[in-house]
Amino acid sequence: MADLLGSILGSMEKPPSLGDEERKKARAQKKLLEKQQEEEKKKLAEFRVKIQKKIHEFVKDGNQQKYKFETMDKVYRAIVHEVADVAGLTSFSFGHEEEDRYVMLWKKEFAPTDEELLAYRRGEDWDPEKAKEIAKQKQEQILAAAAGSSKHKDVTPVGNYRDKYRHLIGDDVVTKDDAKETVANRSYGFVSADNKRDRRTIEQVLADTRAKKRMKTDIEASTQGEVTSFADQGAAESDETSP
């Protein structure tokens, strides 16, 4: 079995080995790739330094509120956003990808409004004075609409309230002041506030309370006496009729 396996392996062709030329070519390609990567890394580092310098100048310039960069690729825009965030700035990208996309910066105290961002996203230029005029026109339209809706409109009542509430206020009410003096219809169980108010003094209330207590005690004593007298009379009659 071992001899058979050895003979099979011996008859198989060996895989081709790389020659010196192929090895040199592979090493050259690897070095070229490493060199390109180093150059790209160096290029990005130089670009970062350049952006840091521009942003520093922008921050120091008190006359500038925003700054627009030229069109650039995504990897460079990412560096701009990163440096701007570290500097405490607001940054947005506008435009179409792979065509004309760019980055704009704003200082925090001059952050863009939603209307300004919408204009840049539409590819339009932002005009602050024009925007103020449009906002003013919108405000005037809102105020005009509110004023129009708040105007008094003459409304014709469908009925006469005096007829509806005649059973409560009577037929003699002709003005608002008269209505205040109207005597309530007692058939409905309504008692005016004047009649509900207790006008007695504290001394009178206490005296009335004591008088009621005395009256209650006298009534109870009188009732008890009558009951006792009736019981005694019944007992006497029973004695008289007994053999």
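# Pockets and helices in a predicted model

Trainee: Which residues lie nearest the centre of the largest pocket?

Mentor: This is a predicted model. The lining of the largest pocket has 14 residues. Those nearest the pocket's centre are E115, W126, K130, A131 and I134.

Trainee: Which elements give two or more residues to that lining?

Mentor: Two helices meet that mark. One covers residues 114–121 and the other residues 128–150. They are α4 and α5.

Trainee: Which element gives the most to the lining of the largest pocket, and how many residues?

Mentor: The pocket has a volume of about 340 Å³. The top contributor to its lining is α5. Its share is 5 residues.

Trainee: How do the residues of this lining divide into nonpolar, polar and charged?

Mentor: Nonpolar residues number 6. Just 1 is polar. The charged residues come to 7.

Trainee: What space lies in the second largest pocket?

Mentor: Residues lining the second largest pocket include Q65, W106, F110 and W126. By class, this lining has 7 nonpolar, 2 polar and 3 charged residues. The space in the pocket is about 250 Å³.

Trainee: Where does the largest share of the lining of the second largest pocket come from?

Mentor: P128, A131 and K132 are among the lining residues. The largest share is 3 residues. It comes from α5.

Trainee: Why do the buried residues of α4 line one face of the helix?

Mentor: Buried means under 20% relative accessible area. In α4, that holds for E116, L117, A119 and Y120. Seen down the helix axis, these buried residues fall within an arc of 160°, so they line one face.

Trainee: Which exposed residues does the face of α4 turned away from its buried side carry?

Mentor: On the buried side, α4 packs against β1, β2 and β3. The face turned away carries exposed residues. They are D114, E115 and R121.

Trainee: Which residue just after α4 takes a positive phi?

Mentor: Look just past the end of α4. The phi there is about 80°. The residue is G123.

Trainee: How far apart are the end C-alpha atoms of helix α2?

Mentor: Helix α2 has 41 residues, from 20 to 60. At 1.5 Å a residue, it should span 60 Å. The model agrees, because the end C-alpha atoms are apart by 60 Å.

Trainee: What covers the buried residues of α2?

Mentor: The buried residues of α2 are L44, F47, I51, I55 and F58. Their cover includes two strands and a helix. Those elements are β1, β3 and α3.

Technical notes
Residues numbered from 1 in each chain as written. Predicted model: local features only at pLDDT ≥ 70, side-chain atom pairs only at ≥ 80, totals over all residues. Heavy atoms only, no water. Helix = DSSP H or I, 4+ residues; strand = E, 2+ residues; numbered from the N terminus. Expected span 1.5 Å × (residues − 1). Buried < 20%, exposed > 50% of the residue type's maximum accessible area, 1.4 Å probe, protein only. Contact = heavy atoms within 4.5 Å. 1 Å grid on protein atoms, 1.4 Å probe; cavity = no way out; pocket = protein on both sides within 12 Å on 5 of 7 lines; lining within 4 Å. Points joined across faces, edges and corners; volume = space filled by probe spheres on them. Nonpolar A, V, L, I, M, F, W, Y, C, P; charged D, E, K, R; others polar. Arc of directions from axis to C-beta.
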